[in-house]
Amino acid sequence: MFFHQLEGLYIDKKVSFTDLKQVLLTFARELFGSETQIRLRPSYFPFTEPSAEMDISCHICGGEGCGFCKHTGWVEILGCGMVDPNVLEACGIDSNTYSGYAFGLGIERITNLKYHVADLRLFSENDVRFLQEFESAY
Ligand SMILES: [Zn+2]
């Protein structure tokens, strides 16, 4: 079993939740198309406060509802939040001056959402035929 995670962290002066939301919206639209919508649901993670789970509008049905999105029009993609000020202070960063956001998402999860890979074992079998199903964008 394996698990790959992509993590993002940004710390600066005057970083707000709006900045986080805009970055994630841009990311979602670059990956899944310009019509993609996002929604954030309150959640809990140890090092962010507030924290949220992010869903994207289902790119299969455009949010109408289908089997892929369990007829909700949304699919979960990542977790995110504002870095807890206590974490900044523990790192010697003045939390009155600096703030930041963080997010994390599974690479296999994104790949599945984008390409609908039927069986996760295909990721680890080193079968070149599987890789050749996907064209490189570069
Ligand atoms: Zn759908």
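Let's start with one residue, E76: with 38% relative accessibility, E76 counts as partly exposed. The model it sits in is a predicted one, so treat what follows as a reading of computed coordinates. E76 belongs to strand 4, and its partner R41 belongs to strand 2, so the pair ties together parts that are 35 residues apart in sequence. The link itself is a salt bridge between the two side chains, at 3.4 Å from N to O.

R41 has a second partner. Its side chain also meets that of D55 in a salt bridge, here at 2.8 Å from N to O. D55 lies in strand 3 and R41 in strand 2 (residues 38-45), so this pair ties together parts that are 14 residues apart in sequence. Buried or exposed: which is D55? D55 is buried, with a relative accessible area of 2%. R41, on the other hand, is partly exposed at 29%. Put R39 into the picture as well, and you get a network of salt bridges that links R39, R41, D55 and E76.

How many salt bridges are there by this rule? The count comes to 5. One of them pairs R129 with D127, with the closest N and O atoms 2.7 Å apart. R129 is exposed, at 62% relative accessibility, while D127 is partly exposed at 22%. As general background, side chains of opposite charge can pair when their charged atoms come close.

Now step back to the whole chain. The secondary structure comes to 4 helices and 5 strands, and from the N terminus on the elements run β-α-β-β-β-α-β-α-α. The C-alpha atoms fill a box of roughly 50 × 35 × 30 Å along the principal axes. Of the 138 residues, 33% count as buried. If you look at contacts with a separation of 6 or more, 56% of them are between residues 24 or more positions apart.

Next, the inside. The largest nonpolar core has 24 residues, and the members that touch the most other members are L24, M54, I56, I77, L78, C80 and F103. Which elements give two or more residues to this core? They are helix 1 (17-32), strand 3 (48-57), strand 4 (74-83), strand 5 (98-106) and helix 3 (107-115). In general terms, nonpolar side chains in soluble globular proteins tend to be buried together.

L24 is a handy place to stand inside that core. Leaving aside neighbours within four places in sequence, L24 is in contact with I38, M54, L78, C80 and F103. C80, one of those contacts, has a relative accessibility of 2%, so C80 counts as buried, the cut-off being under 20%.

That brings us to the cysteines. How many disulfides does a search of the whole structure find? The search finds 0. C80 is in no disulfide, and the nearest cysteine sulfur, that of C91, is 20 Å away. A disulfide here would need two cysteine sulfur atoms within 2.5 Å.

Four other cysteines have a metal to attend to. The protein donors of the zinc ion are the SG atoms of C58, C61, C66 and C69, lying 2.2 to 2.3 Å from the ion. In sequence these donor residues are spaced C-x2-C-x4-C-x2-C. What is the geometry of the site? The site is tetrahedral, with angles of 104 to 113 degrees among the 4 donor atoms. For reference, the ideal angle for four tetrahedral donors is 109.5 degrees. Among the donors, C61 and C69 are both buried, and C61 has a relative accessibility of 16%.

To finish, go back to strand 2, which holds P42. Is P42 buried or exposed? With a relative accessible area of 78%, P42 is exposed. Apart from neighbours within four places in sequence, P42 is in contact with S51 and A52. The C-alpha atoms of P42 and G81 are separated by 9.3 Å, and the two residues are 39 apart along the chain. So strand 2 gives you both ends of the story: R41, partly exposed at 29%, and P42, exposed at 78%.

Technical notes: Residues numbered from 1 in each chain as written. Predicted model: local features only at pLDDT ≥ 70, side-chain atom pairs only at ≥ 80, totals over all residues. Heavy atoms only, no water. Buried < 20%, exposed > 50% of the residue type's maximum accessible area, 1.4 Å probe, protein only. Donors = N, O, S within 2.8 Å, 3.2 Å for Na, K, Ca; no water. Tetrahedral: all angles 85-135°; square planar, octahedral: opposite > 155°, others 65-115°. Core = buried A, V, L, I, M, F, W, Y, C linked by side-chain atoms within 4.5 Å. Contact = heavy atoms within 4.5 Å. Salt bridge = Lys/Arg side-chain N within 4 Å of Asp/Glu carboxyl O.
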